[in-house]
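Here is a short briefing on one protein chain. Keep the sequence and the 3D view open as you read.

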Amino acid sequence: MQPDWDSPMAGEDDDDEGQQPGEGDQTQVSVNDILGTLFAMQAGGGPQAPGDGSTQNNSFTRISLQDISRLLNAVGRGNALRGLAALNDPDDDEQDEEDDEDGDDDYYYSFNAAATAPWKGPETTEPQQAGVELLNSGEFGRVGAKARIRRNDINLTKLILNRARRPHPISNKEEYAANLIPNTNGTAVAMCDHNIYTGQFSADSSFYYTCSQDFRLHVFDSTHPPSRAQAYPGLQTTMKVRKTIQGHPGRWTITDTNLSPDNERMIYSSITPTVYMASIFDDSQVQTPIPFSDRSPTDSWHHSYGEGFGIWSCRFSADGNEVVAGGSGKIFVYDLLANRRTVKIAAHSDDVNSCCWADTASGNVLVSASDDTSIKIWDRRSLGASQKPSGVLIGHTEGITYVSAKGDGRYLVSNGKDQSMRLWDLRKMRSNQEFESVQKKFFGVRDFDYRYPPYPGPKCPTHPKDCSVMTYYGHSVMRTLIRCHFSPLETTGAQYLYSGSSDGRIHIWSLDGRVVQVLDRSKTSPMSFDPSEPELPVTSRTSRARAPCVRDVSWHSEEPVIMSAAWVNSHTGSTVARHEWKGMLKMRGALEDWVEKDKQEQQEKSKRRSFRTRSLRRVPGAFADEDDEEDD
């Protein structure tokens with residue numbers, strides 16, 4: 001994969017932001033016009049302003065990438081004159097020099113300024129049949145609870161008060177919590193001086209942990225209530241810090257980290273062939289190297305890059321005895337008990353951005369997702385005969401940023417740079433022969449780089465071999481490897497999917513394709529606010545062009561709480577926010593909205609009841625009432 005960073009782009013002028021092509025006297029410019037202008041400028045002649053017949057003879061000694069970027073950005077919106085003038089304006093050059101001094105902010109602002117109308121895919125307002133069938137299949141929690149949610153027939157207060165009266169008390173948490181979706185824009189609970197790449201709860205949600213670009217890993221005690229903010233090196237937080245681990249220096253950043261199922265060990269990758277493991281229950285900084293390269297006699301595990309590849313993703317197995325890792329086109333498995341690498345597969349033609357285990361019952365099925373747009377399924381029991389995948393999930397037309405498993409060995413969800421999230425059923429995967437028949441064909445957008453928006457939209461409406469079950473749109477998968485997940489199985493039945501977004505929002509979908517909640521990180525409350533208090537009124541709003549980039553999100557396994565890790569509007573620096581579900585008494589205007597909604601629903605029910613009653617009275621042989629005759 002390309003890294004999430006690059007040299008900053010030059011800041012474009014925002015004066016014409018929102019201008020539509022063809023407005024006023026603006027001229028649509030073709031590619032030939034652009035190339036002709038650039039060649040003329042390179043030769044030393046000035047560009048000719050169309051329409052007035054005059055020629056500007058300014059001399060250009062060089063054309064920089066910043067010049068081309070500004071010109072293409074201007075003419076891409078139909079503003080040829082502004083684009084040419086931008087190249088000749090000396091004040092603009094001085095501004096560029098100032099911008100270069102603050103390249104980090106320049107990168108992010110220009111990133112958002114260019115994406116004035118990002119492609120978000122089709123909007124889904126009605127439940128999709130394939131998703132409804134999944135909800136009713138029983139594989140995503142209790143069907144009865146979902147039916148009551150659709151009828152709006154769940155009253156949490158009544159459920160709790162009537163527990164003693166029921167002949168069979170409700171013991172399933174989904175009956176109480178399936179409808180409790182975090183609905184607040186969040187409160188900041190941590191501020192980090194560097195970009196956070198992973199922010200996740202442990203399996204039992206007793207811990208929350210992060211890794212950041214300064215090669216530090218922080219483990220927080222999520223059972224401890226927020227307190228007064230405390231300052232640590234590179235961190236300020238209201239959460240209780242269980243341990244801080246200073247990681248070994250790698251390449252650029254720690255890209256991924258994972259906590260073991262017993263909550264005792266943590267592993268992390270940093271774009272080198274070695275993953276490191278550390279304990280979180282003592283003060284020791286001793287770390288165990290887990291090497292995935294073929295070491296030469298002169299190499300050491302701590303300082304050698306071995307074969308020269310990098311690990312981007314790593315995960316513990318369900319029993320904590322093995323580690324799966326993926327990187328530069330390869331995936332590996334390391335046996336911690338035997339202290340040796342047991343699997344090495346040349347899996348993909350491009351970088352492996354994410355990998356995981358397909359289920360929690362066994363460690364036989366591996367999953368790898370790559371920039372080559374495919375997700376491959378590997379059964380370790382058949383790898384001895386051939387290093388071929390057991391099947392391939394095809395559907396994304398751009399590289400895949402993340403893949404996450406439901407844990408039942410059947411369903412996966414993935415985020416793609418084609419700005420879509422897809423749900424997969426392993427029982428419907430394509431064979432390797434089918435994949436090889438289209439492997440050399442490219443269905444994406446040529447020269448598209450997810451770090452530099454906007455995404456122009458897919459070249460093909462669907463991949464000809466698409467085998468995904470459902471596709472979800474609305475979020476923005478740009479700038480970094482945005483992550484997505486299933487909602488907790490125990491409390492929601494995994495019936496929701498959620499993802500971060502580079503536009504500063506957190507999207508939560510129902511399996512049926514509809515967006516059921518959007519949380520806006522640009523409206524997050526400051527750290528001084530209590531996350532459990534009634535919501536504050538929004539007195540000021542962050543500009544959408546400077547909204548944070550939400551890289552990772554995590555849903556508490558026992559409570560209706562989501563934690564989100566977002567990069568702030570400069571190139572470095574992150575905040576972690578806590579998003580709780582709050583009832584109507586804590587949400588401003590929610591009670592009034594509910595009363596009005598309930599009034600409208602009652603009126604609609606009354607109309608339907610009246611219609612049914614009148615219809616029944618008009619059956620053949622029925623007597624008509626006097627009121628009906630008067631109405632007629």
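The points below cover nonpolar cores first, then salt bridges.

This is a predicted model. Its largest nonpolar core holds 19 residues. A search of the whole structure also turns up 25 salt bridges.

**The largest nonpolar core**

- In soluble globular proteins, nonpolar side chains tend to be buried together.
- Seven names are worth finding here: L217, V219, I245, I254, L259, M266 and I280 touch the most other members of the largest core.
- Four strands each give this core at least two residues: β3 (207-212), β4 (216-221), β9 (265-269) and β10 (274-279).
- The largest share comes from β3, with three residues.
- Now zoom in on V219, leaving aside its neighbours within four places in sequence. V219 is in contact with F207, Y208 and Y209, and with K240, V241, R242 and K243. M266 and I280 complete the list of its contacts.

**A separate core**

- Another core lies apart from the largest one, and it has 17 residues.
- Its members include Y411, V413, M421 and L423.

**A salt bridge between distant parts of the chain**

- E139 and R410 form a salt bridge, and their closest N and O atoms are 2.5 Å apart.
- Where do the two partners lie? E139 is in the loop between α6 (129-135) and α7 (143-150). R410 is in the loop between β20 (400-405) and β21 (411-416).
- The pair therefore ties together parts that are 271 residues apart in sequence.
- E139 is partly exposed, at 21% relative accessible area. R410 is partly exposed too, at 35%.
- This pair belongs to a network of salt bridges that links E139, R410, D425 and R427.

**Salt bridges between buried residues**

- E535 forms a salt bridge with K582, with 2.7 Å between the closest N and O atoms.
- E535 sits in the loop between β27 (515-520) and β28 (549-555). K582 sits in the loop between β30 (574-580) and α12 (590-617).
- These parts are 47 residues apart in sequence, so the salt bridge ties them together.
- Are E535 and K582 buried or exposed? Both are buried.
- R578 and E580 also meet through their side chains in a salt bridge, at 2.7 Å from N to O.
- R578 is buried, and E580 is buried as well.

Notes
Residues numbered from 1 in each chain as written. Predicted model: local features only at pLDDT ≥ 70, side-chain atom pairs only at ≥ 80, totals over all residues. Heavy atoms only, no water. Core = buried A, V, L, I, M, F, W, Y, C linked by side-chain atoms within 4.5 Å. Buried < 20%, exposed > 50% of the residue type's maximum accessible area, 1.4 Å probe, protein only. Contact = heavy atoms within 4.5 Å. Salt bridge = Lys/Arg side-chain N within 4 Å of Asp/Glu carboxyl O.
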